[in-house]
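Visitor: Please take one part of this model and go through it closely. I would like to see what surrounds that part and how it connects to the rest.

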Amino acid sequence: MSGRAPLRLAVLFGGRSAEHDVSLASARAVLQHLDPARYDLHLAGITRSGGWLGAEASLALLNGQPVLEPGGPPSLPPGTECVFPVLHGPCGEDGTVQGWLELLGVPSVGADTTGSALAMDKSLTKHVLRSSGLPVLPWTDVEAGDFRLDPAGVCARVVEQRGLPCFVKPARLGSSIGISKVESGDAVGPALEEAFRHGRYALVEPYYDARELEIAVLDGDPPLASPVGEIRPRTWYSYEEKYRNSDAQLLAPAPDLHPRMVERFQELALAVFGVLRLRGMARVDFFLGRHTGRLVISEVNTIPGFTAISMYPKLMALAGVPFGALCDRLIEQATSSREAPQRPAARAAR
């Protein structure tokens with residue numbers, strides 16, 4: 001961008017999702033690493049009720065100060081040339097904002113409408129990955145209407161199919177919000193009720209005694225897969241352990257993995273990136289069975305956390321792409337042509 005006027009970049013953050021606060025923390029970290037000599041930065045905050053804010057109110061939202069206006073319909077700062085959405089969860093990471101930006105013809109960082117929508121829905125992700133021959137944990141889909149009609153029958157089916165303990169999750173939310181670890185049959189119903197507070201669909205997975213490992217993927221010619229990172233929670237990786245305390249250990253790189261196993265993680269992560277037709281970036285999460293040695297894909301995040309403790313920027317730094325350069329590359333990819341006739345073979349960081 002040398003010799004050019006700074007790119008007029010709008011950073012989107014906040015939003016209606018339960019992950020609103022995580023978005024604010026991620027946006028603050030991103031803004032700290034954007035070079036004002038390269039970018040003409042503009043804030044575009046979204047309130048919890050979905051109001052899109054002007055510059056002053058957006059700054060107040062970002063800084064945790066009272067916002068004295070309700071906001072209006074979706075809008076961008078005048079002359080916006082590119083958007084960096086730092087939005088997590090529904091109405092931000094699920095293809096809605098991406099589709100709106102595509103209609104406007106404004107480039108945006110990250111996955112397009114299709115990839116965002118697929119990856120946001122944990123159940124749809126599993127269906128697509130399984131149909132492509134990629135390993136996922138078994139699961140049971142539960143729809144809120146079915147549960148309301150026959151709660152006892154649904155709970156019994158869940159226990160029969162997935163056993164105990166199991167995990168009940170909203171289908172379309174991240175940051176472990178709305179997830180319950182269920183130890184007894186009596187707790188299935190309340191766990192489903194909690195999941196349905198965040199949407200119409202839930203899924204139930206069996207407990208799997210496994211290590212929790214992650215790969216960061218950065219789009220490019222070819223896409224880059226990072227070394228493997230590991231999360232070691234005190235119990236399970238809840239919202240509290242992610243963002244409110246430091247009980248969980250974040251290990252980057254993950255220890256005690258054979259080089260061939262690391263290659264397998266990277267191969268699977270890049271396969272997921274391709275199958276879901278993702279762009280820009282993704283974090284692919286895995287389980288590696290402690291006793292079985294079986295590797296399965298857990299979930300995919302198209303706008304992973306960018307906070308000071310988030311794994312995605314840590315893993316990209318290990319791959320040789322520090323935070324500031326990571327942001328630059330994501331923006332460069334967004335503003336360049338996204339339709340290449342054929343992608344070169346993907347590569348893995350060593």
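Guide: Helix α12, residues 323-335, lies across β1, β2 and β3 and runs at about 130° to β3. The model is a predicted one, and every value below is computed from it.

The strands under this helix belong to an open sheet of three, in the order β2-β1-β3, with parallel pairing. Because β2 (39-46) and β3 (82-85) each have a single partner strand, they stand at the edges, and one side of each is left without a neighbour in the sheet. Neighbouring strands are turned by 25° against each other on average, direction ignored. Strand β1, residues 7-14, is joined to β2 by eight bridges, and the two run parallel. Within this pair, Val11 stands opposite Leu43 in β2. A further helix, α2 (residues 55-62), also packs on the sheet; α2 touches β1 and β2, and its direction makes about 75° with that of β2. As a general point, strands of a sheet pair through backbone hydrogen bonds, either parallel or antiparallel.

Helix α12 also takes part in a charged pair. Asp328 forms a salt bridge with Arg38, and the closest N and O atoms are 3.4 Å apart. Arg38 lies in the loop between α1 (20-32) and β2, whereas Asp328 is in helix α12, so the pair ties together parts that are 290 residues apart in sequence. The structure holds 19 salt bridges. In general, side chains of opposite charge can pair when their charged atoms come close.

The domain assignment puts these pieces in context. It gives domain 1 as 7-108, domain 2 as 119-135 + 209-336, and domain 3 as 140-206.

From here the view can move to the boundary of domain 1 and domain 3. The C-alpha centres of these two domains lie 32 Å apart. Six residues from domain 1 and six residues from domain 3 make the contact. The area buried between domain 1 and domain 3 is about 450 Å², and carbon and sulfur atoms give 56% of that area. On the domain 1 side, Ala18, Glu19 and Pro90 supply 78% of the area buried against domain 3, more than any other three residues. The count between domain 1 and domain 3 is one salt bridge. Asp94 and Arg172 form a salt bridge in which the closest N and O atoms are 3.1 Å apart. One residue pair in polar contact is found across the interface of domain 1 and domain 3, with both residues at pLDDT 80 or more.

Some backbone details remain. Cys91 has a positive phi of about 60° although it is not a glycine; Cys91 lies in the loop between β3 and α3 (96-104). Two cis peptide bonds can be added to this. One joins Leu164 and Pro165, with omega about -5°, and Pro165 is found in the loop between α7 (151-162) and β5 (166-170). The other runs from Asp221 to Pro222, with omega near 10°; Pro222 lies in the loop between β8 (210-218) and β9 (224-232). For background, most residues other than glycine have a negative phi, and most peptide bonds are trans.

Note on methods. Residues numbered from 1 in each chain as written. Predicted model: local features only at pLDDT ≥ 70, side-chain atom pairs only at ≥ 80, totals over all residues. Heavy atoms only, no water. Pairing = 2+ DSSP bridges. Helix = DSSP H or I, 4+ residues; strand = E, 2+ residues; numbered from the N terminus. Axes fitted to C-alpha atoms, helices over the stretch in contact; angles between N-to-C directions. Contact = heavy atoms within 4.5 Å. Domains from an automatic or database assignment. Buried area = accessible area lost by both parts, 1.4 Å probe. Salt bridge = Lys/Arg side-chain N within 4 Å of Asp/Glu carboxyl O. Polar contact = N/O pair within 3.5 Å; in protein donor to acceptor, adjacent residues only side chain to side chain.
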